[in-house]
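Please work through the exercises below with the sequence and the structure open beside you. Try each task before reading its solution.

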Amino acid sequence: MVVTGGAGFLGSWLCRELLERGQRVLSVDDHSTGRSQNLAELADHPRFRARPGDVCEGVDVDEPVAAIYHLASPASPPAYQRLAVETLRVGSLGTFAALELARATGARFVLASTSEVYGDPLQHPQTESYWGNVNPVGPRSMYDEAKRFAEAVTATYRRVHAVNAGIVRIFNTYGPRMDPRDGRVVPTFIGQALRGEPMTVAGDGSQTRSLCHARDTVRALAEMGASDHPGPVNVGNPCEVSVRDLATEIACLVGVEPDVHFVDLPVDDPRVRCPDVALAARVLGWQPQTTRADGLRETIEWYRAEGFG
């Protein structure tokens, strides 16, 4: 199993999931946002290898490949805005390169796409048939459009070259090993609460998110890899929460009084985000299992243990 972006937050969770399923795993990552410490506990695993490399330059594998999971890409707004050109490159050239490996080896290909392809959605909850409401020239466009292009390339390789390719659209995912400087709501709120700082909520906080624990997300990715379904398939937790209520929840779990400060809403920040996961249940036999309270407690304890407060 080849995992591009294997040293990233979600990629490292996927490497562990595949190893637990008895697979041999090769992680390829240029460490532009991935961290080697995410894979530290796997370093001596007999069925695991980690290779530094940029998937845009191609991936050479000198043994049979059963599946390729293409996760390589910055994923948080601060990261993909800082690495704007790199984000566009890995969504385009990196996807071509990973698909060419799948074409050459006959491997199953799974693209880790994103709920961001729906933009600021006019349909709620979002189903896979919805085409989205995306600003192609806005401050988030380098990520949104890179993923939308990656989906188009993946679908085209399936039609034109008969590559066994599938697309997963991942909604907000969180859990231990998420970079505390990631910029997304869960690490931001946990860090602020642990440090006793005001919790900065954008806008009036009424915008919603649906949070899926990484353990559940990678289980769906592995099931997609074992299937022949073309997708796209939504993967996320349909239990929706407002950003304002999430800040209060995290403060209470940390054990501090909620101290919410409102700041300006970022441009093109989606107002709602909630997946319809009926297709994942039907074709993958998958549904999220980790409650938000349990997942947040686990994540908070990891941040405490790592000294990120």
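The exercises that follow treat ring pairs, helix packing and unusual backbone geometry.

The model is predicted, so that local features need pLDDT of at least 70 and side-chain atom pairs count only at pLDDT 80 or more, while totals for chains, interfaces and linings use all residues. Residues are numbered from 1 along each chain as its sequence is written, and side-chain values use heavy atoms, with hydrogens and water left out.

**Exercise 1. Classify the ring pair of Phe96 and Phe149.**

Begin with the rule: rings of Phe, Tyr and Trp (its six-membered ring) pair if their centres lie within 6.5 Å, and planes under 30 degrees apart count as stacked, over 60 as edge-to-face and the rest as tilted. The count by this rule is 6 aromatic pairs. In one of them, the centres of Phe96 and Phe149 are 6.2 Å apart and the planes stand at 65°, so this pair is edge-to-face. Next, place the two residues: Phe96 belongs to helix α3 (residues 84-105) and Phe149 to helix α4 (residues 141-161), so the pair links parts of the chain 53 residues apart, where helices (H or I, at least four residues) and strands (E, at least two) are DSSP runs numbered from the N terminus. Then consider accessibility, for which buried means under 20% relative accessible area, exposed over 50% and partly exposed in between (1.4 Å probe, protein chains only). Phe96, at 33%, is partly exposed, and Phe149, at 39%, is partly exposed. Finally, ring pairs join Phe96, Phe149 and Tyr157 into a cluster.

**Exercise 2. Classify the ring pair of Trp302 and Tyr303, and decide whether each residue is buried or exposed.**

The ring centres of Trp302 and Tyr303 lie 5.3 Å apart with planes at 75°, so the pair is edge-to-face. Trp302 has a relative accessibility of 17% and counts as buried, and Tyr303, at 1%, also counts as buried.

**Exercise 3. Describe how helix α9 packs against α7 and α5.**

Two packed helices are described by the angle between their axes and the distance between the axes. Here the axes are lines fitted to C-alpha atoms, for helices over the stretch in contact, and angles run from 0 to 180 degrees between N-to-C directions. Helix α7 (residues 243-254) packs on helix α9 (residues 292-305) at about 60°, with the axes 10 Å apart. That makes α7 oblique to α9 (angles under 35 degrees count as roughly parallel, over 145 as roughly antiparallel, 65 to 115 as roughly perpendicular and the rest as oblique). For helix α5 (residues 185-195), the axis comes within 11 Å of that of α9 and crosses it at roughly 60°, and these two helices are therefore oblique to each other. Contact means heavy atoms within 4.5 Å; the α9 residues that meet α7 include Leu296, Ile300 and Arg304, and those that meet α5 include Leu296, Ile300, Tyr303 and Arg304.

**Exercise 4. Find which peptide bonds before Pro125 and Pro232 are cis or trans, and inspect phi at His31 and Ala162.**

Most residues other than glycine have a negative phi, and most peptide bonds are trans. The bond from His124 to Pro125 is cis, with omega near -10°, and Pro125 lies in the loop between β5 (108-114) and α4. The bond from Gly231 to Pro232 is cis as well, with omega near 0°. His31 has a positive phi near 60° and is partly exposed, at 38% relative accessible area. Ala162 has a positive phi of about 60° and is exposed, at 65%.
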